[in-house]
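Work through these exercises with the sequence and the 3D view side by side. Try each task before you read its solution.

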Amino acid sequence: MPEYSDIAGAVGFNEGMTMMKRAGGWALVACLAAVIGMSAWTQDARSGQQPGRVRPADAEQLFALANLARMHAGAGQLRWDPALAEAARLHCLRMAQEGPIEHRYGGEPSLTERAATAGARFSRIEENVAVGPSANAIHEEWMNSPPHRANLLSPKVDRIGTAIVAARGTLYAVADFSAAVQQLSRAQVEAKVADLIRVSGVAILPDAGQARAACATDQGMPPAKPGMQPLFLMRWQSSSLDVLPKGLTEKLASGRYRRASVGSCKAEGAQDSFSAYRVAVLLY
């Protein structure tokens with residue numbers, strides 16, 4: 001299944017799907033950050049100031065600082081993802097409207113849903129949020145916080161989208177990181193899997209109909225044409241098509257099979273937030 005990590009913070013606010021436990025010190029700083037944000041919100045309400053001025057230059061600075069830090073750490077460079085940036089921008093505007101920073105407010109979609117709706121496709125997604133006086137100060141806070149630094153320097157992500165909004169005399173910031181997943185058509189998925197199977201010397205049948213039917217079901221063999229009863233069936237679902245499942249590789253290596261049919265269909269049980277490929281292979 002796709003990994004999910006959702007971590008918040010820079011002014012010390014640390015919360016996430018995989019990091020729900022907090023040390024007492026973190027909880028205290030989180031409370032202080034919330035109090036500061038609420039105080040600023042109250043002052044703005046009295047002054048009538050309208051929050052929500054997007055600062056693209058500051059967001060670009062966060063992006064540049066992230067890649068500079070990754071270069072010094074020997075990590076791969078992150079590519080800018082417009083869809084992640086749009087998801088970050090919308091959430092950043094919401095943070096500026098609400099005051100205290102959060103990963104999710106009442107009535108707001110989850111991080112994965114926000115990113116998917118914006119057009120991002122990924123097998124892993126992480127998020128840092130913050131409030132601070134400048135892009136540089138926010139970056140430094142993230143780098144000095146172990147969980148946020150881990151997000152920023154993670155070798156498991158390769159895309160980034162950032163946003164900064166000015167409101168209440170400070171800057172609200174969001175950085176979304178993801179491991180991007182290539183979007184492939186059904187025919188492209190089948191072709192990639194077929195190429196992996198051919199290495200074993202097994203021929204690929206041109207008609208994918210039976211394998212596609214097998215892919216679309218949860219159990220059992222699909223109806224077979226006369227003389228075309230498969231001897232082995234494997235279904236699987238993954239965000240990567242780089243390698244075949246171990247069980248299928250072992251069957252191919254056995255030398256018992258001469259032909260294969262490869263079929264792809266819509267992934268089952270996967271949220272729209274993640275990209276996953278569902279495949280079925282029949283061996284004859």
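**Exercise 1. Find R168 and describe its backbone.**

Step 1. R168 sits in the loop between β5 and β6. Helices (H or I, at least four residues) and strands (E, at least two) are DSSP runs, numbered from the N terminus.

Step 2. The model is predicted: local features need pLDDT of at least 70, side-chain atom pairs count only at pLDDT 80 or more, and totals for chains, interfaces and linings use all residues. Residues are numbered from 1 along each chain as its sequence is written, and side-chain values use heavy atoms, with hydrogens and water left out.

Step 3. Read phi. For R168 the angle is near 55 degrees, a positive value in a residue other than glycine. Most residues other than glycine have a negative phi.

Step 4. Is R168 buried or exposed? R168 counts as buried because its relative accessibility is 10%. Buried means under 20% relative accessible area, exposed over 50%, and partly exposed in between (1.4 Å probe, protein chains only).

**Exercise 2. Look at a helix and the residue that follows.**

Step 1. Go to helix α4, residues 111–118. Which residues of helix α4 are buried? They are L111, T112, R114, A115 and A116.

Step 2. Move on to G119, which follows α4. The phi of G119 is positive, near 110 degrees.

**Exercise 3. Describe the protein as a whole.**

Step 1. Count the elements. The protein has 9 helices and 10 strands.

Step 2. Check burial. The chain has 284 residues, and 48% of them count as buried.

Step 3. Take contacts (heavy atoms within 4.5 Å). Among those between residues at least 6 apart in sequence, 71% join residues at least 24 apart.

Step 4. Turn to the surface. About 13,900 Å² is exposed, and carbon and sulfur atoms supply 55% of it. Accessible areas come from the Shrake-Rupley method with a 1.4 Å probe; for residues, only the protein chains shown count as cover.

**Exercise 4. Trace the disulfide.**

Step 1. How many disulfides does the structure hold? There is 1 disulfide, a term for a pair of cysteine sulfur atoms within 2.5 Å.

Step 2. Name the partners. C215 and C265 form the disulfide, with their sulfur atoms 2.1 Å apart. Distant parts of the chain are linked here: C215 belongs to helix α8 (residues 209–215) and C265 to strand β9 (residues 259–265), 50 residues apart.

Step 3. Find the handedness. The angle about the S-S bond is -80 degrees, and the link of C215 and C265 is left-handed.

Step 4. Test for burial. C215 is buried because its relative accessible area is 0%. C265 is buried too, with 18%.

**Exercise 5. Explore the cavity.**

Step 1. The structure holds 1 cavity of 30 Å³ or more. On a 1 Å grid over the protein atoms alone, a cavity is a set of points where a 1.4 Å probe fits but cannot get out; lining residues have an atom within 4 Å of a point.

Step 2. The largest cavity has a volume of about 30 Å³. Grid points are joined across faces, edges and corners, and a volume is the space filled by probe spheres set on the points.

Step 3. Which residues line the largest cavity? They are L62, A66, H139, W142, L152, I160, T162, A175 and F177. The elements that give two or more residues to this lining are α2 (56–73), α5 (135–143), β5 (159–167) and β6 (170–180).

Step 4. Sort the lining by class. It has 7 nonpolar, 2 polar and no charged residues. Ala, Val, Leu, Ile, Met, Phe, Trp, Tyr, Cys and Pro count as nonpolar, Asp, Glu, Lys and Arg as charged, and the others, Gly among them, as polar.

**Exercise 6. Compare the settings of V193 and D158.**

Step 1. V193 is found in helix α7, residues 186–198. D158 lies in the loop between α6 (146–153) and β5.

Step 2. V193 is buried, with a relative accessible area of 1%. D158 is partly exposed because its value is 28%.

Step 3. List contacts, not counting residues up to four places away in sequence. V193 touches W236, L241, L244, V262, V279 and V281. D158 touches Q77, L78, R79, S178, A179 and A180.

Step 4. Pick one C-alpha distance for each. V193 and L244 are 51 residues apart along the chain, and their C-alpha atoms are separated by 7.5 Å. D158 and Q77 are 81 residues apart in sequence and 7.0 Å apart in space, C-alpha to C-alpha.

Note on methods:
1 Å grid on protein atoms, 1.4 Å probe; cavity = no way out; pocket = protein on both sides within 12 Å on 5 of 7 lines; lining within 4 Å.
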